[in-house]
Amino acid sequence: MPSKPAVRPHVPHFSSGPCAKRPGWSLQALTDAVLGRSHRSKAGKAKLKRAIDLTREVLEVPADYRIGIVPASDTGAVEMALWSLLGPRPVTMLAWESFGEGWVADVQKELRLKDVTVLRAPYGQLPDLSRVDPANDVVFTWNGTTSGVKVPDGFGA
């Protein structure tokens with residue numbers, strides 16, 4: 001069993017809930033926030049357009065590329081990737097915690113892809129990574145924040 005770290009972080013906030021605010025943050029930062037408004041409202045659409053325009057400008061995204069803003073942080077991005085990228089090749093899904101299991105369910109029950117291999121492990125453990133076919137598209141949770149499990153030293157190590 002690993003020992004407890006002797007030094008604690010200066011700001012030890014980590015969770016899927018509220019996060020620490022930047023130094024100097026105050027409620028004044030929310031003065032023009034569109035709280036409680038739909039993204040389909042006039043104000044919501046304007047905020048999204050501004051965010052997309054700034055993203056394109058700052059990152060120098062080509063005009064013919066689409067920029068997607070999705071809810072739920074990484075989860076939304078993975079969902080978008082599942083629906084946009086999977087299908088042409090066989091898929092290997094790895095599941096060892098709640099996010100992985102949810103993505104397996106999406107691929108099997110919603111996308112209904114035909115050539116899917118699922119490698120599962122009990123919650124908090126990794127499946128046998130040597131069984132992953134690198135010729136397939138592979139979907140897995142790099143760091144299982146709900147279980148604390150992560151792929152050691154990169155994939156397959």
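**Reading aromatic pairs and a β-α-β unit**

Modeller: There are two aromatic pairs in this structure. It's a predicted model, where local features need pLDDT of at least 70, side-chain atom pairs count only at pLDDT 80 or more, and totals for chains, interfaces and linings use all residues. Residues are numbered from 1 along each chain as its sequence is written, and side-chain values use heavy atoms, leaving out hydrogens and water.

Biologist: What makes rings pair?

Modeller: Rings of Phe, Tyr and Trp (its six-membered ring) pair if their centres lie within 6.5 Å; planes under 30 degrees apart are stacked, over 60 edge-to-face, the rest tilted. Here, Trp 96 and Phe 140 are tilted, with 6.5 Å centre to centre and 35° between the planes. They sit 44 residues apart, so this pair links distant parts of the chain.

Biologist: Is Trp 96 buried or exposed?

Modeller: Buried means under 20% relative accessible area, exposed over 50%, partly exposed in between (1.4 Å probe, protein chains only). Trp 96, at 3%, is buried, while Phe 140, at 22%, is partly exposed.

Biologist: Which residues form the tilted pair at 6.0 Å?

Modeller: Phe 99 and Trp 103, with 40° between the planes. They're four residues apart in helix 3, so about one helical turn separates them.

Biologist: What unit does helix 3 help make?

Modeller: First, helices (H or I, at least four residues) and strands (E, at least two) are DSSP runs, numbered from the N terminus. A crossover is right-handed if, with the strands pointing away from you, the path from the first strand over the helix to the second runs clockwise. Strand 1, helix 3 (residues 98-111) and strand 2 make a right-handed β-α-β unit.
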